[in-house]
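Open the model in your viewer and keep the selection tool ready. We will go stop by stop.

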Amino acid sequence: MPGDFDTIFKQINGSAATLGTLDYSKPTNPYTNNVHFNPDTLDFSAPTALNQGVVNAFATFGKQYSDKTFTITLRGSVGTTKQSDLDFARQRSEKIKDLLIAGGTPANKIVIENPGSVGDYGTNDSVSKQTARNVVIKIVPACDQEVR
């Protein structure tokens, strides 16, 4: 099934990129990528174009294969464990959902998961906090149907 994700992979990584040894044939190993945010905002961190490009690639995939069975899951994370910040992580996921829908992905293909926090990334140091300011986007294919 690696060929199913060739279009999105090339859009994110360049037209000469190859999937190589990545195995997307199992639903436990869905296609995934992250978009990162500036602290305390809904703005993408630099390079903004890279983050927007990732969202655009997923939106293109969602639109192109809208007749197939798959789900795009979104999971926002933040650099603290406070409930107000976890709610903010959900807002970041909502932003990505809105961008995916604007790009043509059907809303019924998108699921927002419970938000995460810096605790999911190990220690509470500055690198972990920065890493936690993201939304993880995953394509979860149906295991019995290839997306072509």
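**Stop 1: confidence**

Colour the chain by pLDDT. This is a predicted model, and its mean pLDDT is 82. Of the residues in the protein, 76% reach 70 or more.

Now select residues 21-30. Here pLDDT stays under 50. For this stretch the model has 17 contacts beyond four places in sequence. Go on to residues 144-148, where the pLDDT is also below 50. This stretch has 14 contacts in the model beyond near neighbours in sequence.

Which element has the highest mean pLDDT, and which the lowest? Select strand S3, residues 110-112: its mean of 97 is the highest among the elements. Then select helix H1, residues 6-13: its mean of 68 is the lowest.

**Stop 2: the overall layout**

Switch to a cartoon view. You should find 4 helices and 5 strands. Walk from the N terminus and the order reads α-β-α-β-α-β-β-α-β.

The protein has 148 residues, and buried ones make up 40% of them. Now think about contacts with a separation of 6 or more. Residues 24 or more positions apart account for 71% of these.

**Stop 3: strand S5 and its partners**

Select S5, residues 134-141. Is this strand mostly covered or mostly open? S5 is mostly covered, with 6 of its 8 residues buried.

Add S1, residues 31-36. S1 and S5 run antiparallel and are joined by 6 bridges. Look for Val35, which stands opposite Val135 in S5.

Next add S2, residues 70-78. S2 and S5 also run antiparallel, with 8 bridges between them. One pair to pick out is Ile72 and its bridge partner in S5, Ile139.

**Stop 4: the nonpolar core**

Show side chains. The largest nonpolar core holds 22 residues. Which of them touch the most other members? They are Val35, Phe58, Leu74, Ile96, Leu100 and Ile137.

Several elements give two or more residues to this core: S1, H2 (48-64), S2, H3 (83-102), S3 and S5. H2 gives the most, with 6 residues.

Centre the view on Ile137. What does this residue touch, leaving out residues up to four places away in sequence? Its contacts include Tyr31, Thr32, Asn33 and Val35. Val54, Val55 and Phe58 are also among them. So are Ile72, Thr73, Leu74 and Ile96.

**Stop 5: aromatic rings**

Select the aromatic side chains. There are 4 aromatic pairs to find. A pair of aromatic rings is described by the distance of the centres and the angle of the planes.

Start with Phe37 and Phe44. Their centres are 5.3 Å apart and their planes lie at 45°, a tilted pair. Both Phe37 and Phe44 are buried.

Move to Phe61 and Tyr65. How are these two rings arranged? The centres are 4.8 Å apart and the planes are at 55°, so this pair is tilted. Phe61 and Tyr65 are both buried. Add Phe70 to the selection: Phe61, Tyr65 and Phe70 form one aromatic cluster.

Two lysines belong on this stop. The charged end of Lys95 sits over the ring of Phe44, 4.5 Å from its centre. Lys109 lies over the face of Phe70, at 4.8 Å from the ring centre.

**Stop 6: the loop between S1 and H2**

Zoom in on Pro47, which lies in the loop between S1 and H2. Check the peptide bond from Ala46 to Pro47. This bond is cis, with omega near -5°.

Asp40 is in the loop between S1 and H2 as well. What is the sign of its phi? Phi of Asp40 is near 60°, a positive value in a residue other than glycine.

Is Asp40 buried or exposed? Its relative accessibility is 71%, and exposed means over 50%, so Asp40 counts as exposed.

**Stop 7: Asn56 on helix H2**

Last, select Asn56 in helix H2. Why does this residue count as partly exposed? Its relative accessibility is 36%. That value is neither under 20%, the limit for buried, nor over 50%, the limit for exposed, so Asn56 counts as partly exposed.

Now draw a distance from Asn56 to Gln11, C-alpha to C-alpha. The two are 45 residues apart in sequence and 8.8 Å apart in space.

Definitions and conventions. Residues are numbered from 1 along each chain as its sequence is written. This is a predicted model: local features need pLDDT of at least 70, side-chain atom pairs count only at pLDDT 80 or more; totals for chains, interfaces and linings use all residues. Side-chain values use heavy atoms; hydrogens and water are left out. pLDDT is the predictor's confidence in each residue, from 0 to 100. Contact means heavy atoms within 4.5 Å. A nonpolar core is a set of buried Ala, Val, Leu, Ile, Met, Phe, Trp, Tyr and Cys residues joined through side-chain atoms within 4.5 Å. Buried means under 20% relative accessible area, exposed over 50%, partly exposed in between (1.4 Å probe, protein chains only). Rings of Phe, Tyr and Trp (its six-membered ring) pair if their centres lie within 6.5 Å; planes under 30 degrees apart count as stacked, over 60 as edge-to-face and the rest as tilted. A charge sits over a ring if NZ of Lys or CZ of Arg is within 6 Å of the ring centre and within 35 degrees of the ring normal. Two strands pair if DSSP finds at least two bridges between them.
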